[in-house]
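Visitor: Could you take me slowly through one part of this model, beginning with a single residue and its contacts and then working outward? I would like to see how the pieces around it fit together.

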Amino acid sequence: MLYDPHAHEALAAAAWDPGRVRDAIGAIAMDAEHAFDEKTLWALHPADAEVEAGPHHGIYLGAAGVVWALERLARSGFWEPARDWPAEAASLHQRYLAKPDLGEVAPSLFLGESGILLVSWLLSPSNATADLLAEQVRRNAGNETNELLWGSPGTMLAARVMWQRTQEERWRALWLESAERLWSEWGADEEDLWTQRLYGQVRRFLGPAHGFAGNVLALAQGRALMSGADAFERRAIAVLRRTAVVEDGLANWPPVAGGGLASSDGSIRVQWCHGAPGMVTSLGGLAPRDAEHEALLVAGGELTWVAGPLVKGASLCHGTAGNGFAFLKLFLRTGDERWLERARAFAMHAIRQVETARARYGRGRFTLWTGDLGTALYLEQCLEGTAEIPTIDVW
């Protein structure tokens with residue numbers, strides 16, 4: 001099978017309701033503001049219990065991601081904050097240095113110092129913050145993980161954002177420094193992948209969080225800064241085709257190259273981090289006139305739809321919202337309204353998942369990538385009919 005039915009649930013039969021969606025976004029934002037504690041930030045949710053107790057400061061699981069999301073939703077008019085969130089963002093860097101999330105300061109965008117500094121700069125720009133961020137991007141250029149969450153592909157996103165916002169030449173140079181090394185690490189073996197040295201293991205991951213798709217995404221976003229864009233696209237698409245498992249018009253991808261669809265725990269994943277949704281969202285913008293490439297992307301989207309919402313919940317990384325972004329990307333690419341309809345169906349289901357979990361635990365899940373804030377931003381994209389993944393496509 002291409003997916004595990006036990007990991008998914010039946011789609012709720014709820015009609016698209018923009019008013020309910022707006023109310024849900026506002027409720028998530030206000031719930032997060034009310035749960036904030038000046039000393040401990042946001043308490044870790046029981047569903048994130050495998051992570052060390054906080055406070056957490058970074059983008060993926062911590063306060064920087066939540067504060068950035070709250071400010072974005074406020075600017076979009078979904079709620080009125082009562083707290084000065086840019087000031088809170090500015091305080092996070094020193095708090096992180098005093099007590100790093102995972103016991104050691106790291107330059108990572110999603111799980112370390114660079115992400116905290118980027119959010120601080122975006123909400124309250126200063127030369128001092130920009131200089132500190134530049135140091136971390138440079139420091140991370142040679143990171144051996146070769147993946148998005150910890151490695152240089154993540155900090156390449158930061159350099160690209162800063163280049164776009166400031167047009168300072170140093171950011172272009174920093175992006176190119178990491179890109180050139182990442183390009184040189186793109187494997188020459190028959191699989192043509194990157195090797196990840198991560199958590200004491202050596203693997204070749206395919207998905208966007210820790211492997212091939214995330215690296216391709218980081219390079220693709222900066223194509224205007226590098227030469228050889230056409231060859232880059234052809235190479236990436238060839239890997240996508242070679243590693244796909246296709247049956248009856250559906251497609252999925254294994255988490256690790258050379259292995260089967262099942263992960264080490266026996267599960268077959270259809271998530272943003274591993275599986276078809278992440279491959280579609282990461283490579284959906286490549287080769288817009290390549291019909292064969294588009295057909296494979298559509299097969300990945302069809303699998304995501306057939307599998308249904310994830311039992312794990314509504315989150316971006318491994319939940320219904322993250323999977324729904326595959327539909328939004330396909331809508332953007334094809335113009336076919338059925339993909340927007342499917343994205344919105346997943347949005348209505350995700351609202352129910354957030355509300356059910358809140359009732360069960362007596363509290364929300366206050367993170368960007370594993371919790372409610374990422375879901376709120378997905379709901380925003382469904383309202384607008386756009387396809388910008390938070391902290392990857394849009395800042």
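Guide: Before any contact is named, one cut-off is needed: two residues are in contact when they have heavy atoms within 4.5 Å of each other. It should also be said at the outset that this is a predicted model.

The starting point is T129, which lies in helix α5. Leaving out residues up to four places away in sequence, T129 touches L117, S120 and W121. Of these partners, L117 is 12 residues away from T129 in sequence, while the two C-alpha atoms are 6.3 Å apart in space. T129 has a relative accessible area of 12% and is therefore classed as buried, since buried means under 20%.

From α5 the path leads to helix α3, because α5 (127-139) is among the elements that cover the buried residues of α3, together with α1 (18-35), α2 (63-75) and α4 (113-123). The residues of α3 that are buried are W85, P86, E88, A89, L92, H93 and Y96. In a helix with 3.6 residues a turn, residues three or four places apart point the same way, and that is a useful thought to carry while reading the list against the structure. One of the buried residues, L92, is also the centre of a kink of about 30 degrees in α3. The end-to-end span of this helix nevertheless agrees with expectation, because 14 residues (85-98) at 1.5 Å a residue should cover 20 Å, and the end C-alpha atoms are indeed 20 Å apart.

Helix α2, one of the elements packed over α3, deserves a longer look. Its 13 residues should span 18 Å at 1.5 Å a residue, and the end C-alpha atoms lie 18 Å apart, so the two values agree. Because 12 of those 13 residues are buried, α2 is largely enclosed by the rest of the structure. The buried set is made up of A63, A64, G65, V66, V67, W68, A69, L70, E71, R72, L73 and A74, and it takes in E71 and R72, which count as charged. The cover over these residues includes α1, α3, α4 and α14 (372-384). After α2 comes G77, which has a positive phi near 85 degrees.

On the other side of α2 in sequence, the loop between α1 and α2 holds L41. Most residues other than glycine have a negative phi. L41 is not a glycine, yet its phi is positive, at about 65 degrees. With a relative accessible area of 2%, L41 counts as buried. For a contrast, consider Y199, in the loop between β1 (196-198) and β2 (201-203), which likewise has a positive phi although it is not a glycine, in its case about 55 degrees. Y199, however, is classed as exposed because its relative accessibility is 59%.

This part of the model also borders an enclosed space. The program's rule yields 1 cavity of 30 Å³ or more, and the largest cavity holds about 70 Å³. Its lining consists of W42, A43, L44, H45, H56, L61, G62, A63, V66, R363, F366 and T367, and two of these, A63 and V66, are also among the buried residues of α2. By class, the lining divides into 7 nonpolar, 4 polar and 1 charged residue.

Finally, α5 leads in another direction as well, because the buried residues of helix α7 pack against α5, α6 (152-166) and α8 (212-221). In α7 those buried residues are W171, L174, W175, L176, S178, A179 and L182. The 17 residues of α7 (169-185) should span 24 Å at 1.5 Å a residue, and the end C-alpha atoms are 25 Å apart, which is taken as agreement. One of the partners of α7, the helix α8, supplies at least two residues to the lining of the second largest pocket, as do α10 (276-283) and α12 (320-334). About 340 Å³ of space lies in that pocket, and of its 17 lining residues, L217, G284, G285, K329 and D393 lie nearest the centre. Its lining has 6 nonpolar, 5 polar and 6 charged residues.

Conventions:
Residues are numbered from 1 along each chain as its sequence is written. This is a predicted model: local features need pLDDT of at least 70, side-chain atom pairs count only at pLDDT 80 or more; totals for chains, interfaces and linings use all residues. Side-chain values use heavy atoms; hydrogens and water are left out. On a 1 Å grid over the protein atoms alone, a cavity is a set of points where a 1.4 Å probe fits but cannot get out, and a pocket is an open set with protein on both sides within 12 Å along at least five of seven lines; lining residues have an atom within 4 Å of a point. Grid points are joined across faces, edges and corners, and a volume is the space filled by probe spheres set on the points. Helices (H or I, at least four residues) and strands (E, at least two) are DSSP runs, numbered from the N terminus. The expected span of a helix is 1.5 Å times one less than its number of residues. The bend at a residue is the angle between axes fitted to the seven residues ending there and the seven starting there. Buried means under 20% relative accessible area, exposed over 50%, partly exposed in between (1.4 Å probe, protein chains only).
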